[in-house]
Amino acid sequence: MHLYVHVPFCARRCSYCDFAIAVRRTVPSARFTDAVLAEWRGWLAHEGWGAHPGLHTLYFGGGTPSRLDPGELARLVERLAQDRPLVRGAEVTLEANPDDVTPDRARAWRAAGVTRISLGVQSFDPRVLAWMHRTHEAAQVGPAVDALRRAGFDDLSLDLIFALPEALGRDWADDLGRALALEPTHLSLYGLTVEPGTPLGRWTERGAAHPPADERYAAEYVAAHAALGAAGFEHYEVSNAARPGYRAVHNSAYWARAPFIGLGPSAHSGLGRWRAWNVAPWAAYERAALAGTAVRAGEEWLDEAQVRLERRYLGLRTVEGLAEDEAGPDAGRWVAEGWAVREAGRVRLTVEGWLRLDALVAAGG
């Protein structure tokens, strides 16, 4: 069983973000912990728990989980682990912003049981960070990494965003090089997407921002793939690369369709064919959780066709790919086009195939 906790609080909304967040100057850490633990008590009685006595991973995402009071984070981890013990060597991840990292906080996170940090760097270019509405400065990244390492964090992931508007003049190769120079164990690379209702969406609608052409998106993605391979990383999933032994265990569980529970506003859960999701607004979630009423906004059961499609899509996202009989009749054409390779009875996409992932899965049904 894998557990995700959504911490929605942010100091501001990034220009590209459409996640369920709550912008707060002061984070209501104690109220958040109380609300999440109230939801958790409902899960403890869930009939599906019998086969899942322990937790294999625990992931604090957001939002900006690093804004949560370290003492409340420790209270959450302690309570969750008391009710369902973390298995030996369990991965416990905290997403953090560089400006939230101090030596004291890093030590407190480590003492609370966090084993892995995912640091939201996005870029080292000050102009880009300002355009993104990020709260940190490029000069804060290095000291943050140093503080985390001194606190005992050996498993450190950095996030970067590529395919930015050409007008920003961002040097993608320079950002990649600076990230690799910090010697992380893991890198997550996300292509910029324009979501309706975001500041970027509004800028794009009125012509103030122009997403890059598909050719530049592809060129930057392929360049990153080559640079990561040369640096000793395994590009093991569409958006993720790791040094040997440092794949993200929690995220890998999603791609393998392992059972997972989500706590907090907008969090999703999946057990077998069942999917559920919580109400998104923090205020509505808090009221419901503390009142002991349902925080769930909806649920569904996947039919067999949806399960096959999900398995196919998730499998093709990874370097392991799919068994040949699951890949579908188009696999031969993919191989001929250079979008996939056949190895040991499996079909896996190449980097060029990953660029076409959505279209290939949709075409194959």
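Helix H2 and unusual backbone geometry in a predicted model

Q: At the start of H2, which residue has a side-chain oxygen that reaches the backbone nitrogen of Gly71?
A: This model is predicted. At the start of H2, the backbone nitrogen of Gly71 has a side-chain oxygen within 2.9 Å. That oxygen belongs to Asp69.

Q: On which side or sides of H2 do its buried residues lie, and what arc do they cover?
A: H2 runs over residues 70-83 and reaches 20 Å from its first C-alpha to its last, close to the 20 Å expected. Its buried residues are Pro70, Glu72, Leu73, Leu76, Val77, Leu80 and Asp83. They are on the same side of H2 because they cover an arc around the axis of only 165°.

Q: Which helices and strands do the buried residues of H2 pack against?
A: Two helices take part, H1 (29-44) and H3 (103-112). The strands are S1 (2-7), S4 (55-62), S5 (86-96) and S11 (260-263).

Q: Which peptide bond is cis, with omega near 20°?
A: Most peptide bonds are trans. The exception here leads into Gly63, a residue of the loop between S4 and H2. The cis bond runs from Gly62 to Gly63.

Q: Is Ala163 buried or exposed, and what is its relative accessible area?
A: Ala163 lies in the loop between S7 (155-162) and H6 (172-181). Its phi is positive, near 60°. Buried means under 20% relative accessible area, so Ala163 is buried, at 2%.

Q: Is Glu183 buried or exposed?
A: Glu183 is in the loop between H6 and S8 (186-191), and its phi is near 55°. Most residues other than glycine have a negative phi. With a relative accessibility of 56%, Glu183 is exposed.

Notes:
Residues numbered from 1 in each chain as written. Predicted model: local features only at pLDDT ≥ 70, side-chain atom pairs only at ≥ 80, totals over all residues. Heavy atoms only, no water. Helix = DSSP H or I, 4+ residues; strand = E, 2+ residues; numbered from the N terminus. Expected span 1.5 Å × (residues − 1). Buried < 20%, exposed > 50% of the residue type's maximum accessible area, 1.4 Å probe, protein only. Arc of directions from axis to C-beta. Contact = heavy atoms within 4.5 Å. Polar contact = N/O pair within 3.5 Å; in protein donor to acceptor, adjacent residues only side chain to side chain.
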